[in-house]
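Colleague: I should like to learn how to read the features of this model. May we begin with the internal cavities?

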Amino acid sequence: MRIVTQYPREVFEEETWMHLADGTRLAVRIWRPVDADHDPVPAILEYLPYRKRDLTAARDVQTHPYWAGHGYAGVRVDIRGSGESDGVLTDEYLQQELDDGLEILDWLERQPWCTGEVGMVGISWGGFNGLQIAALRPPQLKAVITLCSTDDRFADDVHHMGGCLLGDNLSWASTMFDGNACPPDPALVGERWREMWHQRLDGSGLWLATWLEHQRRDDYWRHGSVCEDFAAIQCPVYAISGWADGYCNAVFRLLAGLSVPRKGLVGPWAHKYPHLGIPGPAVGFLQDALRWWDHWLKGKDTGIMDEPMLRVWMQESTPPSARYEQRPGRWIAEPAWPSPNIVATSFRLTAGHDLLPEAARSNQAQAGTAGGDDAQVDKALPEQAHRPDASPLTIRSPLSVGLYAGKWCSYNAPPDLPHDQRDEDGGALIFQTARLEAPLEICGQPVVELDVSADRPVAMLALRLIDVAADDKATRVSYGLLNLTHRDSNETPEPLTPGRRYRVRVQLKHIAQQFPVGHAVRLSLSTSYWPLAWPAPQPARVTVYPAASRLIMPMRAPRPDEEAALPTFAEPEGAPPIAKTLIQPTQEHWRVIRDLANDATTLEVINDEGTYRLDDIDMEISARVTERYRYAYGSYDSASGWTEWERSFRRGDWQVRTLTRTLMTSDADNFRLRATLDAYEGDTRVFAKSWDESIPRDLV
């Protein structure tokens, strides 16, 4: 990243407070031009629970001062109950949070240094509430940049996928369990820090239990899901994500569903801002965002809206790895989404485990396509000379399928990406094309249509799209999950009738991927994907009837002349980094432990964030999280997830430490949660609380 130290306008930084109508005080950090009182500027709001004072400080100081130097006020606000703000945070995206957001926008409009024009930006939580507040149509909000977020909190968030319960639901709940236990900084709030801290320790609650009480798409998940009414959003939206992120699907749905001016960008990145993007290449997001803000908040013609609606990174084939510094590929563009340049092409499943191409066809419902070079796409896969019979195939996968899946959302990129899929495919049904005689490229959402039956009333399917190299190394390209009880509805799931055949449709994650000559395309199907998804109540055998089953691929023919003419992204830039002293380095490990003597398997994830000092505020911070996902061979009742977070803050004689532990288990009828929270001042434990909850399974 190129560090920028000189800007058109000199920047001033301040920590201040905002008082809400009910008397609650929110902590605010602002970077703005020193002359903004005389020459007001638009404001860019980032509104998070992730602690502006310390935990996001390193990212914030490279982002908001950059925009401030170009004539904006970068504003970071701690959500009620987080950081140094008053109150207690008891869940995600509460109506109180959104109402407070409206008050923040009103407050910004009244500041003498603000023109009254406001944009909202945020990654993950801040991307969520930017969309949610936009749907409330506040007059001050003129544009949004939403990164790594979703429009649908049930169907496509950290909690569920295809009606299946995600392992990241536990992992993310544990992250917030830790975050909600953190104290405010006495240097800002004074002696009341201890009272504020104990209110949070006692009142925030066990969010995991709340989430598990909603195992279908009810009003709890509809709240904050802007897909319920895309028309409610009336300001322009720039939606951004990465292929290694958990939220890339939302970019495409927002482009298709919104009617306002909009743009989309998907790179190879994990859950990161694009200028910090890993895997690379990272791009100059701050400059690109500046063009967006200048257009919508200042009325300048920057040309950004003259460019294609969608830019994505077409990934080239690469060997499987849990970590990538860079993903090879190229930038491509589409003028609109759905795009007329994408052709949905079907591949028939056979009892001989082949994927055989059918005639290319337009499929408006699946890929939003109309037309395309069918012949050019089809010639990549030669027709087979024979058609195998359509005998049914069955699969009942071991729980080991999924140990090499990585996380649903790659927060760190290395080393939480999927590894070689050959380690997974022994417990799966696989279907594969012939070796390709011409390159094949896809862009969009692969879909699998299946004719299936099961021998249990509750069963799941995991489908993986795989690039098989000439040396047989297998790299996962995309995947999708379906709880078969949710086959027709997430709102009203219904148990399966054992032995009855059902027609189901499984949507895989959107992807742009090239399969080169000599490679093959593989579709792998399993009945478990642990611990990325929590297993079904009992092992189920699923029967697939190949004759009526197919993979539908969103084919895209390269357009080299158009791609060569695309504007290039600038190299990443940022303001000077925070003054930070490393005391103990970070460590991260992913270990699969197969204890053959005891027939037990454990996936152990350790992320030690080390210890560092923020020099400007003389604060030492350390954190370590351990997660263990375990099962005993052949026993679905043995599946368990255990997490432990330990975090400390230190300044001189002031030292606090928190320790949170969560254990999640299940049997055929219930989920069970046991959790503890301990807090220390120095070596003295000053707070302890425990939970023991049993929550009935609801066709999950």
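Modeller: Please bear in mind that this is a predicted model. Let us take the second largest cavity, where α4 (167-180), β30 (600-614) and β31 (619-632) each supply at least two residues of the lining.

Colleague: How many residues line the second largest cavity, and which lie nearest its centre?

Modeller: The general idea is as follows: rolling a probe the size of a water molecule over the atoms shows where empty space is left. In this case 15 residues form the lining, and D168, G406, K407, P531 and W590 lie nearest the centre. The volume of the second largest cavity is about 110 Å³. By class, its lining comprises 9 nonpolar, 3 polar and 3 charged residues.

Colleague: What is notable about the peptide bond between W530 and P531?

Modeller: W530 and P531 are joined by a cis peptide bond, with omega at about 5°. P531, one of the residues nearest the centre of that cavity, is found in the loop between β24 (520-526) and β25 (542-544). A cis peptide bond also joins W337 and P338, where omega is about 0°. P338 lies in the loop between β13 (329-334) and β14 (342-349).

Colleague: What is the volume of the largest cavity, and which residues are closest to its centre?

Modeller: The volume of the largest cavity is about 330 Å³. It is lined by 25 residues, of which W243, A244, P418, R476 and V477 are the closest to the centre. Both β21 (474-483) and β23 (511-515) supply at least two residues of this lining, and β21 gives the largest share, 5 residues. By class, the lining has 13 nonpolar, 6 polar and 6 charged residues. The count of cavities of 30 Å³ or more comes to 7.

Colleague: Which residues of the largest nonpolar core touch the most other members?

Modeller: W67, W293 and L481 do, in a core of 196 residues. Helix α10 (residues 285-297) provides the largest share of this core, 7 residues. Leaving aside residues up to four places away in sequence, W67 touches I44, Y72, V121, F285, L286, A289, L290 and W293.

Colleague: How should one read a helix, and which residues of α2 are buried?

Modeller: An α-helix has 3.6 residues a turn, so residues three or four places apart point the same way. Helix α2 (residues 95-110) has 16 residues and reaches 23 Å from its first C-alpha to its last, close to the 22 Å expected at 1.5 Å a residue. The buried residues of α2 are E97, L98, D100, G101, I104, L105, W107 and L108.

Colleague: Why does E195 count as exposed?

Modeller: E195 counts as exposed because its relative accessibility is 51%, and the cut-off for exposed is over 50%. This residue is found in helix α6 (residues 193-203).

Colleague: Finally, what is the phi of S124, and is S124 buried or exposed?

Modeller: Phi of S124 is near 65°, a positive value in a residue other than glycine. S124 lies in the loop between β6 (114-123) and α3 (125-134). With a relative accessible area of 12%, S124 is buried. H353, which is not a glycine, likewise has a positive phi, of about 70°. H353 lies in the loop between β14 and β15 (355-360); its relative accessible area of 32% makes H353 partly exposed.

Notes. Residues numbered from 1 in each chain as written. Predicted model: local features only at pLDDT ≥ 70, side-chain atom pairs only at ≥ 80, totals over all residues. Heavy atoms only, no water. Helix = DSSP H or I, 4+ residues; strand = E, 2+ residues; numbered from the N terminus. Expected span 1.5 Å × (residues − 1). Buried < 20%, exposed > 50% of the residue type's maximum accessible area, 1.4 Å probe, protein only. 1 Å grid on protein atoms, 1.4 Å probe; cavity = no way out; pocket = protein on both sides within 12 Å on 5 of 7 lines; lining within 4 Å. Points joined across faces, edges and corners; volume = space filled by probe spheres on them. Nonpolar A, V, L, I, M, F, W, Y, C, P; charged D, E, K, R; others polar. Core = buried A, V, L, I, M, F, W, Y, C linked by side-chain atoms within 4.5 Å. Contact = heavy atoms within 4.5 Å.
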